[in-house]
Amino acid sequence: MVKQTIQIFARVKPTVRKQQQGIYSIDEDEKLTPSLEIILPRDLADGFVNNKRESYRFKFQRIFDQDAKQETIFENIAKPVAESVLAGYNGTIFAYGQTGSGKTFTITGGAERYSDRGIIPRTLSYIFEQLQKDSSKIYTTHISYLEIYNECGYDLLDPRHEASSLEDLPKVTVLEDPDQNIHLKNLSLHQAATEEEALNLLFLGDTNRMIAETPMNQASTRSHCIFTIHLSSKEPGSATVRHAKLHLVDLAGSERVAKTGVGGQLLTEAKYINLSLHYLEQVIIALSEKHRSHIPYRNSMMTSVLRDSLGGNCMTTMIATLSLEKRNIDESISTCRFAQRVALIKNEAVLNEEIDPKLMIIRLQKEIQELKDELAIVTGEQRTEALTEAELLQLEKLITSFLEDQDPESKLEVGTDMRKIHHCFHYLKKLLNDKKIHRQSTAPSENKDQNCREPLKEEEYKKLRDILQQRDNEINILVNMLKKEKKKAQDALHLSSVDRSQLSHGQSSPFPPGNPDGPKTLPFSASTQALDSSTSPYRSSLLHRKTGMREEMSLGRQEAFEIFKRDHADSVTIEDNKQILKQRFAEAKALGESINEARSKIGRLKEEITQRHVQQVALGISENIPVPSMPDQLEEKLRSQLEEEKRRYKTMFARLKALKVEIEHLQLLMDKAKVKLQKEFEAWWAKEATSLQQVNSPAVTPSNHVKPFPQMSEAQHERSQPLSNKRLRDPGK
Ligand SMILES: Nc1ncnc2c1ncn2[C@@H]1O[C@H](COP(=O)(O)OP(=O)(O)OP(=O)(O)O)[C@@H](O)[C@H]1O
């Protein structure tokens with residue numbers, strides 16, 4: 001609760017300086033309360049000319065002289081009240097003064113300049129600015145605008161009326177409930193979510209106020225206008241709502257009837273104006289007297305409406321508007337006196353909190369439910385009746401908002417009722433399944449696979465890791481095996497290179513350079529070269545093309561291939577053929593050498609025969625004897641040797657030809673065997689690789705898994721018999 005007297009401020013309207021000279025002075029000593037001194041000119045005191053100078057001093061919270069800007073007025077008078085309203089207290093600012101003293105200018109403002117905006121638009125702007133800044137509460141703002149004329153209330157915000165006279169507007173009446181709360185019937189409340197909306201309402205009300213002019217005087221307002229901002233605030237989730245009202249009141253002119261100089265209808269109006277203000281004064285006098293129990297609020301509509309603002313639950317501020325000219329001295333003094341009485345009124349502002357009945361019902365229902373649930377747990381009794389449609393719907397709403405809540409710590413609170421807990425789980429399961437089905441039907445196949453694999457990932461990963469470990473072991477074992485075998489293979493390689501070098505020697509010697517009878521060509525040179533695949537690029541590439549073997553096989557794979565070859569069922573046949581080939585090569589080599597010798601011998605014999613014949617001819621010429629028609633014995637002998645040598649040569653040559661065919665055939669068989677071997681090796685390698693890649697293959701231990709090569713077959717045993725017992729065979733068959 002905030003106890004406070006009504007704050008009073010004075011504002012002097014700017015007028016021609018000359019008219020105000022010597023009439024008033026403002027004392028604004030910072031230590032003392034500011035005071036306004038109104039000096040009564042000698043010629044006017046009590047309406048009589050006298051020589052006694054009289055002055056009246058009035059204290060105010062603050063006095064704003066003629067040059068005070070609208071902004072200064074707002075900052076010092078309206079802003080603190082607006083802050084109280086934002087905090088949840090009621091507030092009222094009312095302007096009191098004679099006609100033309102600047103009440104409307106102060107409360108609403110002038111229309112000429114933007115800077116002339118008065119308290120209402122500036123307060124609206126400030127309040128909405130503050131509401132935007134504060135996100136801790138939910139605020140609701142409503143506006144009402146009431147005009148009271150001749151004790152009748154009119155709703156200035158009725159949008160259906162284009163009022164031509166005040167009577168066209170809906171009439172507002174005051175109702176009082178048994179708790180003495182005032183209700184204004186027919187006064188519309190308009191929600192304003194933004195400053196702009198609120199300003200539009202102000203504009204609408206002012207337009208209606210302007211159009212529905214009172215008949216007495218177009219230039220002055222003879223009615224009271226109350227612009228009210230209704231502000232409600234609530235913390236999210238709370239059932240407690242705060243209500244605060246801010247009345248911004250532009251009272252009618254306070255001049256006395258006697259001075260208006262009007263009669264008839266206008267006199268009636270003037271009386272009413274004064275009567276209304278008279279009742280206001282009565283209320284204020286009553287409130288300022290300590291022991292008065294009855295306050296005559298009900299005497300006028302205006303005091304009824306402003307009941308809270310005057311001595312009640314409100315922080316109230318009065319602005320006394322003064323037009324300090326000589327002719328207005330009396331009215332100014334009257335206004336100041338009124339203000340002094342108002343300053344005595346104590347108000348007690350309290351926070352207007354109430355529990356929203358709807359929210360309260362919901363809260364109580366929840367509490368009852370929780371208590372029922374707790375009771376069920378304590379007694380061990382669970383409710384068995386089916387949940388109602390409404391309960392199911394509410395649960396599903398709860399689940400939806402829980403799932404949508406971005407806060408990771410949000411809770412799904414359904415109480416302890418097992419029926420509800422079960423329903424929540426079922427509903428969540430259904431949502432999950434629906435989502436899965438939706439994903440499967442919409443996701444691309446690749447993603448689908450990924451999604452399927454997703455839940456298995458962990459388990460799968462572990463399996464793969466185990467298999468990888470096993471494969472590592474296998475590879476290690478294989479590498480060791482290969483290392484051991486490598487030596488053997490190198491030995492074999494060395495042996496075969498020796499054979500090759502022997503063969504390459506045979507290139508030049510075993511085969512004759514040509515038929516001694518024919519042109520001196522080397523008929524088998526190309527073929528003999530072709531016998532050594534290692535030196536023949538053609539054969540090598542041919543072989544690679546046939547086998548599909550890549551020129552550059554990795555070392556490990558080469559080693560594996562060597563072992564594969566060695567343990568293959570056909571390896572004996574290949575080895576046998578290799579040995580036969582070696583023999584044939586050796587035979588061909590020896591034969592070649594013999595053929596070479598025979599060829600040389602034939603050449604020598606031919607030479608000797610020729611020489612012998614030449615000698616015989618030369619001897620006959622020198623001895624003048626005729627050349628013998630028959631060769632002599634030596635020549636005969638030489639010729640016989642030559643023929644023999646030729647026969648031997650032919651035989652050897654024929655054998656060499658046969659050997660060549662045999663060797664070519666052998667090599668063909670070996671090529672075929674190698675192709676077959678290579679293919680089988682590739683197939684085996686691929687199979688091994690596949691088995692390594694198979695993630696779901698059963699765990700394989702090195703001991704039962706490492707059977708890399710086929711076992712030796714019976715045929716292999718048969719073929720591994722000594723070479724002499726064997727015939728050449730085609731391993732490809
Ligand atoms: N402080 C001020 N600065 C400039 N102009 C002012 C000021 N106060 C009042 N006026 C001007 O004086 C004229 C009368 O002022 P206003 O209408 O506000 O008086 P009022 O007290 O509301 O009169 P009524 O009781 O007839 O409504 C207006 O034209 C207004 O613009």
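This report describes a strand pairing, a helix crossing and two loop residues in a predicted model.

## Basis

In this predicted model, local features need pLDDT of at least 70 and side-chain atom pairs count only at pLDDT 80 or more, whereas totals for chains, interfaces and linings use all residues. Residues are numbered from 1 along each chain as its sequence is written.

## Strands 1 and 16

Strand 1 (residues 2–5) pairs with strand 16 in the antiparallel sense over four bridges, where pairing requires at least two DSSP bridges between the strands, and strands are DSSP runs (E, at least two residues) numbered from the N terminus. Opposite Thr 5 stands Lys 346 of strand 16.

In strand 16 (residues 346–349), Lys 346 and Glu 348 point to one face and are not buried, while Asn 347 and Ala 349 point to the other and are buried; buried means that 20 or more other C-beta atoms, placed from the backbone, lie within 10 Å of the residue's own, exposed means 12 or fewer, and partly exposed lies in between.

## Two asparagines with positive phi

Asn 150, in the loop between strand 8 (138–149) and strand 9 (152–155), has a positive phi near 50° although it is not a glycine. Because Asn 150 has 16 C-beta neighbours inside 10 Å, it counts as partly exposed.

Asn 186 lies in the loop between strand 11 (182–185) and strand 12 (190–191), and this non-glycine residue has a positive phi of about 80°. Asn 186 is also partly exposed, because 14 other C-beta atoms lie within 10 Å.
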